[in-house]
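Open the model in your viewer and keep the selection tool at hand. This tour goes stop by stop.

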Amino acid sequence: MKIAAIIVAAGRGNRAGGKIPKQLRLLGSRPIMAWSLAAFSRHAQIGPVILVVPEGEEEEYRARFPGAAAYIPGGESRQASVRNGLSAAIAPGDISHVMIHDAARPGVDEIIIDRLIAALDTHDGAAPALPVADALKRPSGQSVEDVDRTGLFRVQTPQAFRLDVILSALADAPDGMVDDLAVAQHAGARLTLVEGHERLGKVTYPEDFSRMQALLCPPVPRMGSGFDVHAFEPGDHVTLCGIEIAHTARLKGHSDADVGWHALTDAILGALGLGDIGDHFPPSDEQWRGAPSHIFLAEAMRLARAEGFELGNCDLTLICEAPKIKPHREAMRKRTAEVLGVDGARISVKATTTEALGFTGRREGIAAQAIAVLSPKVSSS
Ligand code: MG
């Protein structure tokens with residue numbers, strides 16, 4: 001058995017909204033079309049992968065989706081596009097079977113391909129399908145009537161066939177058949193259904209994108225760490241986590257030198273992969289001279305929310321011999337929670353000394369380290 005895969009992407013996808021065809025829209029980090037191309041390309045039993053693309057855009061697709069065996073222009077209808085793809089599959093002369101797939105179904109995977117290959121041992125064609133679970137109704141006058149769903153399936157793609165069977169079936173098929181399985185059926189082929197999957201759903205309407213996103217690239221929590229040091233200079237107080245504490249020195253810095261919040265800001269930015277506090281608030285920029293650090297922290301949190309995350313929790317450790325942190329811990333925690341806009345239970349502020357060792361031990365400055373976990377926000381759609 002030598003199998004070619006044909007991915008049909010000739011449509012313009014107007015129903016999915018937006019100006020670019022749905023097969024080019026990003027799902028996760030790659031276009032929808034690239035998902036199917038990758039799945040077929042890495043399957044050991046699939047030979048050439050043929051892309052059927054909008055006419056005149058063959059070179060564009062070749063550049064954007066390298067690795068296919070051929071880039072074939074689509075036709076006037078889906079059936080015509082499949083015919084064009086099959087012509088390319090005949091060319092090598094040794095292909096025995098084909099899988100015909102909609103580019104708008106990014107969830108094809110090895111398991112589905114294996115099921116179809118197994119079915120081709122005993123049948124001329126096969127398609128993945130799922131039983132209809134919802135009640136079916138047909139509007140009738142001022143009411144509705146029930147449609148019996150017993151034995152009904154929703155059919156997906158890829159649909160797999162013996163090459164000679166689908167070629168001769170297509171030659172005889174009337175235009176506008178519902179899918180390739182219908183074409184084979186019309187020709188009297190021996191067909192079967194294999195177990196499909198929700199992941200194989202089609203991206204047709206705008207809301208399908210978020211559903212597919214959740215199925216194929218579920219968001220995972222992100223973690224970041226931050227570390228900061230500020231030196232002491234003559235003064236009478238320090239600002240730590242937004243709380244002013246009387247001391248025999250102050251912290252030197254371009255802003256208010258709130259070493260705790262700087263470490264936490266870096267932890268949040270780190271979890272997002274968005275660089276560090278200096279990238280967002282350059283010390284060379286005069287507008288941040290003496291700035292209160294809640295501006296930095298709040299901005300990092302705003303960026304996190306804009307990227308679809310909420311603070312899971314954070315843990316901040318201040319490292320110094322003095323001043324004593326413990327009496328101020330609860331106030332620091334409360335103020336940090338306010339700036340981040342989260343419940344205080346998600347914030348931990350701790351302190352430690354370095355047993356009189358090192359620069360913090362010599363009371364030359366204060367260090368802080370923080371870890372932040374960002375949780376993906378649960379989508380309301
Ligand atoms: Mg700093």
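What should the 12 residues of helix α11 (residues 329–340) span, at 1.5 Å a residue? Keep in mind that this is a predicted model.

**Stop 1: helix α11**

Select residues 329–340 and find the C-alpha atoms at the two ends. They are 16 Å apart, and the expected span of α11 is 16 Å, which agrees.

Now colour by burial. Met332, Thr336, Ala337, Val339 and Leu340 of α11 are buried. Look down the axis of α11: the buried residues fall within an arc of 165 degrees, so they line one face of the helix. An α-helix has 3.6 residues a turn, so residues three or four places apart point the same way. On the other side of α11, pick out Glu330 and Lys334, which are exposed.

What covers the buried residues of α11? Show the strands β14 (237–240), β15 (243–246), β17 (309–319) and β18 (347–352); the cover includes these. It also includes the helices α8 (259–272) and α10 (294–306). Then step just past the end of α11 to glycine 341, which takes a positive phi of about 70 degrees.

**Stop 2: leucine 340 and the core**

Select Leu340 and show its contacts. Leaving aside neighbours within four places in sequence, leucine 340 is in contact with Leu264, Ile268, Leu297, Met301, Arg305, Leu311 and Ile347.

Widen the view to the largest nonpolar core, which has 42 residues. Which residues have the most contacts inside this core? They are Leu240, Ile268, Leu311, Met332 and Leu340. The largest share of this core, 9 residues, comes from α8. Apart from this core lies another, of 31 residues, among them Ala9, Ile46, Ala103 and Val108.

**Stop 3: the two domains**

Zoom out to the whole chain. The domain assignment gives domain 1 (3–216) and domain 2 (222–376). Their C-alpha centres lie 53 Å apart.

For a long view, select arginine 42, in the loop between α1 (32–41) and β4 (46–53). Is arginine 42 buried or exposed? Its relative accessible area is 62%, so arginine 42 is exposed, the cut-off being over 50%. Draw a line from its C-alpha atom to that of cysteine 241: the two are 199 residues apart along the chain and separated by 51 Å.

**Stop 4: the magnesium ion**

Select the magnesium ion. Which residues coordinate it? Asp228 (OD), His230 (NE2) and His262 (ND1) do, at 2.1 to 2.3 Å. Along the chain, the donors follow the spacing D-x1-H-x31-H.

Check two of these residues for burial. Aspartate 228 has 18% relative accessibility, so it counts as buried, the limit being under 20%. Histidine 230, at 11%, counts as buried too.

**Stop 5: alanine 322 and threonine 360**

Go to alanine 322, in the loop between β17 and α11. Alanine 322 is buried, with a relative accessible area of 15%. Beyond four places in sequence, alanine 322 touches Phe232, His247, Arg363 and Ile366. Its C-alpha atom is separated by 8.4 Å from that of threonine 353, 31 residues apart along the chain.

End at threonine 360, in helix α12 (residues 358–361). Threonine 360 is buried, with a relative accessible area of 5%. Again leaving out residues up to four places away in sequence, threonine 360 touches Ile319, Cys320, Glu321, Thr354, Gly365, Ile366 and Ala367.

Conventions. Residues are numbered from 1 along each chain as its sequence is written. This is a predicted model: local features need pLDDT of at least 70, side-chain atom pairs count only at pLDDT 80 or more; totals for chains, interfaces and linings use all residues. Side-chain values use heavy atoms; hydrogens and water are left out. Helices (H or I, at least four residues) and strands (E, at least two) are DSSP runs, numbered from the N terminus. The expected span of a helix is 1.5 Å times one less than its number of residues. Buried means under 20% relative accessible area, exposed over 50%, partly exposed in between (1.4 Å probe, protein chains only). The arc is that of the directions from the helix axis to the C-beta atoms. Contact means heavy atoms within 4.5 Å. Domain bounds come from an automatic or database domain assignment. Donors are N, O and S atoms within 2.8 Å of the metal (3.2 Å for Na, K and Ca); water is not among the atoms, so sites may look incomplete. A nonpolar core is a set of buried Ala, Val, Leu, Ile, Met, Phe, Trp, Tyr and Cys residues joined through side-chain atoms within 4.5 Å.
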